[in-house]
Amino acid sequence: MSATIYPWQNSAWEQLQLLRARMPHALLFYGAAGTGKADFIEAFAQALLCENVQPDGHACASCVSCGWFSQHNHPDYRRVRPEALEDEPGADGEDGADADGGKKTKAAKTPSKEIKIEQIRALADFMNISTHRQGLRVVVLYPAEALNTPASNALLKTLEEPPPGTVFLLSSNSLDRLLPTILSRCRKFALPMPDELAALAWLKAQGLGDAEAWLREQGGAPLAALAQSEGGNREEMDALLQLLAHPNVENALKSADKLSKIPLSALVSWQQRWLYDVFCYKLSGTIRYFPRYRKEVAALAERVQTAKLMQAIKGANDRRATAEHPLSPKLFVEDMLLDYTACCT
Ligand SMILES: [Zn+2]
């Protein structure tokens, strides 16, 4: 299957074509998470490699190069992602195997959420040999904020002395988490958030019922909404929202174990959205993410002092940074819920 772009990305795609005549050696695409940036840059990578590119800039989907691309074995293409995203078996798994010295220890090893220096070093060989089709060499890397510090520095060296004929396509959900030196070496390109109608139309076309509620809960990011609806964490999210709606030490401690089984970054982000709703309701009587909980949000907004609320928001924001590497997931959740309870009761 060929990489495709989403309807809300059409105008960004057109703008991007204007760059093709003078391709920068590194492009950094940025925008909100869950809006389809990875698919967009993969589609662009395919189009850059395609030998029969269409007038609208899209890949032909039928040349030799497109064939290799869709099989994930194009010799002039590399995709660099954290191991945790490498969920597809086959060609994709090879990168992970290399990083581990060829040995896959399947059991009990949590896949890394970082892009490691080994992954960047592995690009050196790739960039030193001539291209198979005498065309460009394309490296796609996302999310760029997953680069750990040694990997960032290694990539920076490459970006400072770009090998000829090589194009780097990076994507990031948050530019402020990237090294300024990386930013300064890339041409930045914004990818838009879809407007609500476009996002809803797309979600409905995917067969999602109750698309509006899912979309709101994901802040308008359609791919995040679809993933959430398919991910089956709905029950845990409702359990968390119940706790946030009725803060109580005993219930918090009782639920921590169960809640710690799902990705902590999701928990923190639901809590952040919840607090945002309470705060907005206090200021303007509006609710953005959880209209289903209007009554509970309103009651909290009425009861909790602004200073306490700000403290809870700051706590949640700080926690976001440690959610990827907690010492103990259960303690993390307990701590998060107890802090919240202290602020909001
Ligand atoms: Zn093609």
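Here are some short exercises on this structure, each with a worked solution.

Before you start, note that residues are numbered from 1 along each chain as its sequence is written. The model is predicted, so local features need pLDDT of at least 70 and side-chain atom pairs count only at pLDDT 80 or more, while totals for chains, interfaces and linings use all residues.

**Exercise 1. Find the domains and say how far apart their C-alpha centres lie.**

Solution. Start with the domain assignment: domain 1 covers 7-193 and domain 2 covers 232-344. These bounds come from an automatic or database domain assignment. Then take the C-alpha centres of domain 1 and domain 2, which lie 35 Å apart.

**Exercise 2. Work out whether Leu-155 is buried or exposed, and which residues it is in contact with.**

Solution. First, locate Leu-155: look in helix H6, which spans 149-160. Helices (H or I, at least four residues) and strands (E, at least two) are DSSP runs, numbered from the N terminus.

Next, count neighbours. A residue is buried if 20 or more other C-beta atoms lie within 10 Å of its own, exposed if 12 or fewer, and partly exposed in between, with C-beta atoms placed from the backbone. Leu-155 has 27 other C-beta atoms within 10 Å, so it is buried.

Now for contacts: two residues are in contact if their C-beta atoms, placed from the backbone, lie within 7 Å. Setting aside neighbours within four places in sequence, Leu-155 touches Ile-120, Leu-147 and Ile-182.

Last, try a long hop. From Leu-155 to Thr-345 you move 190 residues in sequence and 48 Å in space, C-alpha to C-alpha.

**Exercise 3. Visit the loop between H8 and H9 and describe Gln-206 and Asp-210.**

Solution. The loop sits between helix H8 (196-205) and helix H9 (211-217), and Gln-206 is found there. Gln-206 has 13 other C-beta atoms within 10 Å, so it's partly exposed. Its C-alpha is separated by 37 Å from that of Arg-133, 73 residues apart along the chain.

Asp-210 lies in the loop between H8 and H9 too. With 9 C-beta neighbours inside 10 Å, Asp-210 counts as exposed. Check its backbone as well: phi of Asp-210 is near 60 degrees, a positive value in a residue other than glycine.

**Exercise 4. Look at the backbone at His-72 and at the peptide bond from Tyr-142 to Pro-143.**

Solution. Keep the background in mind: most residues other than glycine have a negative phi, and most peptide bonds are trans.

His-72 is in the loop between helix H3 (64-70) and strand S2 (77-80). Phi of His-72 is near 60 degrees, which is positive in a residue other than glycine. His-72 is partly exposed, because 14 other C-beta atoms are within 10 Å.

Now the peptide bond. From Tyr-142 to Pro-143 the bond is cis, with omega near -15 degrees. You'll find Pro-143 in the loop between strand S3 (137-141) and helix H6.

**Exercise 5. Describe how H11 packs against H12.**

Solution. Begin with the geometry: H11 (residues 234-245) and H12 (residues 249-259) pack at about 160 degrees, their axes 11 Å apart. Axes are lines fitted to C-alpha atoms, for helices over the stretch in contact, and angles run from 0 to 180 degrees between N-to-C directions.

Then name the arrangement. H11 and H12 are therefore roughly antiparallel, given that angles under 35 degrees count as roughly parallel, over 145 as roughly antiparallel, 65 to 115 as roughly perpendicular and the rest as oblique.

Finally, list who meets whom. Glu-236, Ala-239, Leu-240 and Leu-243 in H11 meet Asn-251, Ala-252, Ser-255 and Leu-259 in H12.

**Exercise 6. Do the same for H12 with H16, then for H13 with H15.**

Solution. For the pair H12 and H16 (residues 329-344), the axes come within 8 Å and cross at roughly 150 degrees. That makes H12 roughly antiparallel to H16. Residues of H12 in this contact include Val-249 and Leu-253, and those of H16 include Val-333 and Leu-337.

For H13 (residues 264-284) and H15 (residues 306-322), the axes come within 10 Å and cross at roughly 155 degrees. That makes H13 roughly antiparallel to H15. Among the residues that meet are Leu-275 and Phe-279 in H13, and Leu-309 and Ile-313 in H15.
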